[in-house]
Every structure is written in C-alpha cells, then in structure tokens.
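Open the model in your viewer and keep the selection panel at hand. The stops below are meant to be taken in order.

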There are 2 protein chains.
Amino acid sequence: MAQAKKKEAVIERRSGVALWRQIADRMRREIGEGLLGEEGRMPPEVALAERFGVNRHTVRTAIAALVQEGVLRAEQGRGTFIEGRRRLAYPIRSRTRFSEGLAGQSRGLAADLLDHAVEPASLDVAKALCLSPGAPVIRLETLSHADGRPVSRARGWFDAERFAGMAEIFSRTRSITASFRELGLADYLRHSTTVTARHAEAGDLKDLQLSPGAIVLVTIAINVDAQGQPVQYSETRFAADRIELHIPGADETG
Amino acid sequence: MAQAKKKEAVIERRSGVALWRQIADRMRREIGEGLLGEEGRMPPEVALAERFGVNRHTVRTAIAALVQEGVLRAEQGRGTFIEGRRRLAYPIRSRTRFSEGLAGQSRGLAADLLDHAVEPASLDVAKALCLSPGAPVIRLETLSHADGRPVSRARGWFDAERFAGMAEIFSRTRSITASFRELGLADYLRHSTTVTARHAEAGDLKDLQLSPGAIVLVTIAINVDAQGQPVQYSETRFAADRIELHIPGADETG
DNA sequence: CGCTATTTGTGCGTATGTATC
DNA sequence: CGATACATACGCACAAATAGC
C-alpha cells in the first residue's frame, strides 16, 4: 500500500455536512482523546489544512466554531490552544448516585430544578413504576453541572402519592438521594439501565450548551427500594463529549 | 382542510448541517421511537415539508438518504413506508457474550474476521492486559451482523503468548467464547465497561453501512479469567440506531 | 372502462451557502 | 477581497403510478 502523500479520507464532500463542521467535530473528538494538540497547543492552521486536505479558510471556520464552543482559544501571533477539559466518568452501579459518582473528579457539582409538574402517568411511566396508566406522577426536569459546565439534563418520574412534595424538597436539597431520605426512603438501588445515543434535540442543545450535531448519551433508568418496588423512572441525556459512562464488574462494585 | 400548523423550530439554518440531513436525522429518530409513521406508513411529502417548514424537494432529499440507509421504502403513487426494524438490546453483565446476548432477539447472528495481526502492545493495551508495553499481542478486527444488518465493529487485543492461534481459531469458530474454550479458557468475566458516543468515522461508516453524521456507541471493555487475570481488551463500536445497551441491576443479572 | 384524487418522481430556473484559488 | 465552481434550498410545473368511484 503506497502512502506517498495520502490525504486522510475522513472528510467527505457532498455528505450533507459542511467540511468545516466535519473538521470541527473530528478535532473536538481527537482533542478529547488526546490525539490532537501537544501540551495544549494545536498544530498551525496550514498543517491542519494540509492534513484534512482542505483550504486554510475551511480550517479557520472549524476553529472559530470550537472557539465559540469553548474548546479552543486562538491567540493572534501565538497560536491556538486547547481549553477543553477531560471527560468525566459517570459510574453506573447498584447504588448509582449522581454527586457521589462525580465527586473527586470535579468541583462545583450542582443540580437545578428547571420545571416540575404533577401529571397522569403515560403507559411507559406507569409500567416502569408499577402504577396504573393515568395515575398521578410527579415529573422533575433537572439540569446538572460539573466544573461549571452543564453535563446532563434529566427527566424523572415519581409516584405522586408516595412522594408528595418531591419537587419542593428537591428544589431545596438539590439531590434526589437527600429528597428520598426526607420522604422516608433511606436507600434505593438501580434496577436497570438502558443506554442509547442520538443527536441532541433543540432544547438539550440550549440547556447543555451544545452545538448543532452534538451527541447525547441517553440513559433510561429504574430505581427500586429495598423491597424491589420501583421508586423512580428517569431519562437522562448526558453531553457525550463531557461524560463517559463506566460500568464496573462485580469485583469492583463500590 | 389545510390547517395552518405551527412550524416546529427544530430545524436550524446556517448551522453547518444541511437541512435535509437534519430532517433525515430527526425522522430516523422519531421512526425509531414510534413517533412518526402510522402502521408503517409515512405522512405524504407535502405534509412533512409543511411540518418542517421546508420545500418538498428538501424533504425528498432527506427521504432519499433514509431509503439509501434502508430505513424507508418509497413507492411511486402509493406512499413512503418504514422498513426499519426495532433496536436490539445488547446486555452488559458479568458474563457478557455477543451471540447469547442477542439470541432470541434476532436471526442470522454472525461475526466476520476482517483483519488480524500480531503487534507490540501500546501503552493502553499493555496496561489493560497487565503486560509490558511492547509485548506481543494479537489484534482482531471483527464485524458482527444481526438480522442481516451490520450492528457492531470491534477491535480486540489478546496476549499473543497465552492465546497463540486466536485469529485462525476465531475465523473458524466465529466466536470469542468458543475460541477461548479451544485455547483452554472455559470461562471469563466482564471486569469493566466504559461507554461513550461519537460520530462514526469513515471506516465504520462503510463497514456498518451508516450515513455520514451517524452515531456509534463505543464500549471499552476488559474481560478477565476466573483468577482475575485480564484476557481481552476490546473497543466495540455499535451502530447507535440499531443497538441499545442494557445494564441489568444485581437482581436481574442473568 | 374512464375519471379523479392522491402521492411519488422529474425537470428547470433561481438564489444562497460553501469551498477553492 | 473578488472570481469561480459546486452544493444546497426553493418554487413551480408536470409526468407517472396507484387507488377509489
């Protein structure tokens, strides 16, 4: 295989995605994996342009997008530097707790209550919580930050009868675990987790401060009490470029 | 009954992503979630164009992309119909086995060996397998199908000394579990799994028959033998629109 | 059979965005 | 910065296939 000056065939034309956006997406990923940028310094624009087989203007457009995102910082006359931080590892285990899981990896953990309502349970929610369809459930919409950046957007449902006042308590405690405790539930376990990935929707783009085309990791989780009774059904969207999910085996379950 | 419906502001212009691609991505997702298409039949093109606030041509371009992907099927004079199948659930548990996990959900499970080599272990691989950096390891590149569609592309590393002949045996057995057994390893356990998501790269786009902009779920896994000694380090890319990962809790571990 | 309504397929002109030089 | 080429998106018109009356 002769590789004299083989351009990397990773950037596709006529794909419906502008070259600058493909390059921006790729650079964001490689920066996140530590493959691009030595000691926080990006290669010069002409080198990047040659590598991707595009004009320097196109690379500049991609860099401008990443500067806008906060991934890069360009300094005239000096170069372009990486601003981004590492990806946080979110552990999924039997006792999955948001702040415990990220504690030690980041500072400034916080969860904000964006919205809440009492509504009749949909088929999915009713099935997950073992309630009758239409039974009243509390829905909490929350946004979580770590290191000052939004990392996840969650929608959780709770039995309105058993956990009356959940929204008010959560807005004060800012913690599901603490809210459960106030409501008399000392402990709960993760029953199951389903993971998918998709493009972020408009609302999540805004809340999670993502750019169009960004990816969210979606977890659908059911938590149960010590008797195995479901207490929470939730859908959480994680910014895929800021979070990775970690599933420990039986031997390293903490 | 042309009722002036409110345009959904989900399609963004000047975002660097073509309208037809945004529409295709959104339709693919809604079809997967059952939100679009009643009884396998899509709304007519003019209705979709009105809903997304674009020209009918633009919707047609999006539909053409999904037809190319195998998600839709268009019949002149009749309509456009959904071809897609449900998303398969891939369980991640202590004894994670590819074919066992998908058995019962799909037919025609098969794994092809695309490439293999013996190479010196990189830092990551050496660390994961508890070997010295540069120690010889076997690398297997595999592609797995279910229901006649490619679902995952994996890269696995094995200690070349302990598992000599792995590539030849795998190309015959087409199963990691069976290959391990032939090499004297009767059982192995999943030590840890890390899940991320990103845009598919050019090679995966081709192998997994995806369209540009498609998403892959990436799992980084370590398997260990009964003594806790690592036997396999692997990176698997799953087509995110065909697979979801399922992590059972302690009570439903199978 | 023809007629009509519906729906997908095609052609063409034009304006704008993207990328190169 | 302008000139050029191509992709994208729109608007309109019409052809082709299907289905129901």
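The tour covers a predicted model, going from the domains of one chain to the two DNA strands and then to the sheets.

**Stop 1: chain A by domain**

Colour residues 2-82 of chain A as domain 1 and residues 88-246 as domain 2. The C-alpha centres of these two domains of chain A are 35 Å apart.

**Stop 2: DNA strand C**

Select DNA strand C and the 19 residues around it; those that come nearest are A:L19, A:W20, A:T58, B:R56 and B:H57. Of the strand C atoms that come within 4 Å of the protein, 68% are sugar and phosphate.

Now show the polar contacts one at a time. Start with B:H57, where a polar side-chain atom lies 2.5 Å from a base oxygen of DNA strand C. Move to B:R60: here a polar side-chain atom is 3.0 Å from a phosphate oxygen of DNA strand C. Then go to chain A, where a polar backbone atom of A:W20 is 3.5 Å from a phosphate oxygen of DNA strand C.

Which elements each supply at least two residues of the surface near DNA strand C? Select α1 (19-32) of chain A, then α3, β1 (72-75) and β2 (79-82) of chain B. The largest share comes from α3(B), which gives three residues. Coloured by class, the surface near DNA strand C shows six nonpolar, seven polar and six charged residues.

**Stop 3: DNA strand D**

Select DNA strand D next, with its 13 surrounding residues; B:L19, B:W20, B:N55, B:H57 and B:T58 come nearest. Among the atoms of strand D within 4 Å of the protein, 72% belong to sugar or phosphate, and the rest belong to bases.

Three residues of chain B are worth displaying here. At B:N55, a backbone N or O atom lies 2.9 Å from a phosphate oxygen of DNA strand D. At B:R78, an N or O atom of the side chain is 3.2 Å from a phosphate oxygen of DNA strand D. At B:Q76, a polar side-chain atom lies 3.1 Å from a base nitrogen of DNA strand D. The elements that give two or more residues to the surface near DNA strand D are α1 (19-32) and α3 (56-69) of chain B. By class, that surface divides into four nonpolar, six polar and three charged residues.

**Stop 4: the sheet ending in β3(B)**

Hide the DNA and switch to cartoon. Follow an open sheet of eight strands in the order β4(A)-β5(A)-β6(A)-β9(A)-β8(A)-β7(A)-β10(B)-β3(B), with mixed pairing. Its edge strands are β4 (110-120) of chain A and β3 (88-91) of chain B, each of which pairs on one side only. Neighbouring strands of this sheet are turned against each other by 20 degrees on average, direction ignored.

Zoom in on β6 (residues 149-159) and β9 (residues 230-239) of chain A, an antiparallel pair joined by six bridges. Pick A:G156 to find its bridge partner in β9(A), A:S234. Then select helix α6 (residues 166-173) of chain A, which lies across β4, β5 (136-146) and β6 of chain A and runs at about 175 degrees to β4(A).

**Stop 5: the sheet starting at β3(A)**

Trace another open sheet of eight strands with mixed pairing, in the order β3(A)-β10(A)-β7(B)-β8(B)-β9(B)-β6(B)-β5(B)-β4(B). Why is one side of β3 (88-91) of chain A and of β4 (110-120) of chain B left without a neighbour in the sheet? These strands stand at the edges and each has a single partner strand, so there is no neighbour in the sheet on one side of each. From one strand to the next, the twist averages 20 degrees.

In chain B, select β6 (residues 149-159) and β9 (residues 230-239), which run antiparallel and are joined by six bridges. Within this pair, B:R155 has B:E235 of β9(B) as its bridge partner. Finish on helix α6 (residues 166-173) of chain B, which packs on the sheet and touches β4, β5 (136-146) and β6 of chain B. The direction of this helix makes about 175 degrees with that of β4(B).

Terms used
Residues numbered from 1 in each chain as written. Chains lettered and ligands numbered in written order. Predicted model: local features only at pLDDT ≥ 70, side-chain atom pairs only at ≥ 80, totals over all residues. Heavy atoms only, no water. Domains from an automatic or database assignment. Near = heavy atom within 4 Å. Polar contact = N/O pair within 3.5 Å; in protein donor to acceptor, adjacent residues only side chain to side chain. Helix = DSSP H or I, 4+ residues; strand = E, 2+ residues; numbered from the N terminus. Nonpolar A, V, L, I, M, F, W, Y, C, P; charged D, E, K, R; others polar. Pairing = 2+ DSSP bridges. Axes fitted to C-alpha atoms, helices over the stretch in contact; angles between N-to-C directions. Contact = heavy atoms within 4.5 Å.
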